[in-house]
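Student: Can you take me through this structure? I would like the overall picture and then some details.

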Amino acid sequence: MASLGANTIAILIALGSFPVSLALTRFFMYWNLKHGIIGIDIHKLNRPKIPEMVGVAVPTTIVLFAAIYAMVGGSSSIPLLAYCLVVGLAALVGAVDDRLRLRGIFKPLLTLLCGLPVLILGLAFRGQVYTSTLHVPLFGGYHLPVIYPLTVLVAVSVTSNTVNMLDPLNGSMAGGISIVAGGLLIGSLLIGTGSMSIFLYASLMFSLLGFLYYNRFPARAFAGNVGQLSIGASIGALAILGKTEIASIVAIFPNIQNSFFFLSRIRRFTEHRELTSKPTKLLPDGKLADSEDPRAPLTLVRTLLIGRPATENEIVSTIWMLFLTSTSLAVITLLLTGV
Amino acid sequence: MNTRAVGYELVVFVTQWGLMLVGFGILTKLIAPLNLVNPSSSLGLYFDAAAKALIALILSVTWLFVWDRQVRIYFRRRGK
């Protein structure tokens with residue numbers, strides 16, 4: 001009963017993330033537009049100018065509410081501090097990339113460093129941030145005292161970059177990761193993990209939904225690298241803090257497939273903007289189609305368009321449906337793990 | 001929208017999920033309990049961890065290879 005109360009408080013506090021994220025998104029939309037921070041929506045025939053880097057509203061909301069929860073919720077502040085530092089550092093890397101256009105290789109390297117707060121605080125406050133035991137569905141678990149701390153860095157880098165790579169269409173990333181966070185929240189509630197991870201998943205989901213209101217088709221705000229990298233890093237850090245490592249991998253299957261096929265074709269870390277062979281093309285009727293360029297990467301969107309063009313809205317709905325499937329598998333994974 | 005492609009993606013996800021559970025099962029039940037390098041020797045613990053990490057890496061690459069083949073076989077045949 002006490003646990004139910006703590007979870008209810010956690011979710012109620014997290015609920016406040018939605019209006020705050022909504023308000024911050026609106027604020028950054030106008031501020032960024034006014035200061036010329038804009039991008040072109042290349043998947044529309046009229047190529048509208050959309051305010052960029054508005055996704056900064058999400059990490060700002062997450063950090064703000066983590067601080068509130070640390071004060072009100074009575075939870076240990078060390079893991080919350082680690083989480084906030086990871087999200088903040090990833091947002092910083094994203095912001096620098098948005099403004100300075102870093103080369104493709106720098107993002108995975110810099111995001112490797114973003115996991116350091118979890119690693120350092122985990123070593124300094126043993127057992128408070130993470131435990132080195134990996135819980136495996138059906139088969140129990142095993143202790144990884146040497147390998148686990150190193151995988152913390154890789155986990156944050158991989159999740160932040162893979163989320164960064166699957167945001168080509170309006171609302172695809174924000175909607176997809178909302179589904180992931182929502183599913184892992186339900187799974188965490190079902191298996192009864194601590195209220196802190198329940199709060200963080202709920203906070204992430206509600207913050208994303210606030211941003212999604214303006215990012216959905218037709219988008220009035222773009223996340224930018226600042227939003228994408230911090231949201232991805234948040235998923236990675238939460239996988240460690242919430243002991244949902246394997247379930248989190250399953251939940252982001254659409255991201256993994258997209259990144260893997262992109263990298264296996266291009267064979268180097270590069271930016272989408274630097275690609276000479278595009279995976280999709282815009283038709284005169286406004287639909288998107290497979291570019292049929294054999295040199296272009298086989299991205300997730302391209303696989304859905306092979307042979308049949310579709311509207312942007314249809315593709316995004318399908319991507320969300322794929323996330324719903326992978327997240328359902330993730331929830332089953334959590335139930336089988338039963339931490 | 002290519003609905004067959006969507007259905008195929010779902011099959012790929014479920015297959016990869018099943019393979020992933022099997023892979024983690026192999027690591028947990030077969031690989032983790034092994035003493036590949038004498039842990040009492042100097043740096044033995046670290047070499048043992050490195051050897052097991054290498055096995056995990058090989059399993060991960062195999063898993064990605066199966067994913068790659070599944071997607072390529074279908075989409076290359078349909079699209080080109």
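Tutor: We can go through the chains, their contact, one residue and two helix pairs. This is a predicted model, in which local features need pLDDT of at least 70, side-chain atom pairs count only at pLDDT 80 or more, and totals for chains, interfaces and linings use all residues. Residues are numbered from 1 along each chain as its sequence is written, with chains lettered from A and ligands numbered from 1 in the order in which they are written.

Student: How many helices and strands does chain A have?

Tutor: Chain A has 14 helices and six strands. Helices (H or I, at least four residues) and strands (E, at least two) are DSSP runs, numbered from the N terminus.

Student: And what is the radius of gyration of chain A?

Tutor: It is 19 Å for chain A, which agrees with the value near 20 Å for a compact globule of 339 residues. The radius is taken over C-alpha atoms, and the globule rule is 2.2 Å times the number of residues to the power 0.38. Along the principal axes, the C-alpha atoms of chain A fill a box of roughly 60 × 45 × 35 Å.

Student: What share of chain A is buried?

Tutor: In chain A, 55% of the 339 residues count as buried. A residue is buried if 20 or more other C-beta atoms lie within 10 Å of its own, exposed if 12 or fewer, and partly exposed in between, with C-beta atoms placed from the backbone.

Student: Now chain B. What is in it?

Tutor: Chain B has two helices and zero strands. Its radius of gyration is 18 Å, whereas a compact globule of 80 residues would have one near 12 Å. The C-alpha trace of chain B spans about 60 × 20 × 15 Å along its principal axes. Buried residues are 16% of the 80 in chain B.

Student: How many residues does each chain put into the contact?

Tutor: Chain B gives 27 residues and chain A gives 31, where two residues are in contact if their C-beta atoms, placed from the backbone, lie within 7 Å.

Student: Which helix of chain B gives the most?

Tutor: α1(B) does, with 13 residues on the side that touches chain A. By class, that side of chain B has 18 nonpolar, five polar and four charged residues. Ala, Val, Leu, Ile, Met, Phe, Trp, Tyr, Cys and Pro count as nonpolar, Asp, Glu, Lys and Arg as charged, and the others, Gly among them, as polar.

Student: What does A:L329 touch?

Tutor: Not counting residues up to four places away in sequence, A:L329 touches A:V250, B:F13 and B:W17. A:L329 sits in helix α14 (residues 312-337) of chain A.

Student: Why does A:L329 count as buried?

Tutor: Because A:L329 has 21 C-beta neighbours inside 10 Å.

Student: Next, helix packing. At what angle do α7 and α10 of chain A cross?

Tutor: The axes of α7 (residues 147-165) and α10 (residues 224-241) of chain A cross at roughly 140° and come within 7 Å. That makes α7(A) oblique to α10(A). Axes are lines fitted to C-alpha atoms, for helices over the stretch in contact, and angles run from 0 to 180 degrees between N-to-C directions. Angles under 35 degrees count as roughly parallel, over 145 as roughly antiparallel, 65 to 115 as roughly perpendicular and the rest as oblique.

Student: Which residue classes make up that contact?

Tutor: The contact of α7(A) with α10(A) has twelve nonpolar, nine polar and no charged residues.

Student: And how close do the axes of α2 and α3 of chain A come?

Tutor: The axes of α2 (residues 17-34) and α3 (residues 57-72) of chain A come within 9 Å and cross at roughly 140°.
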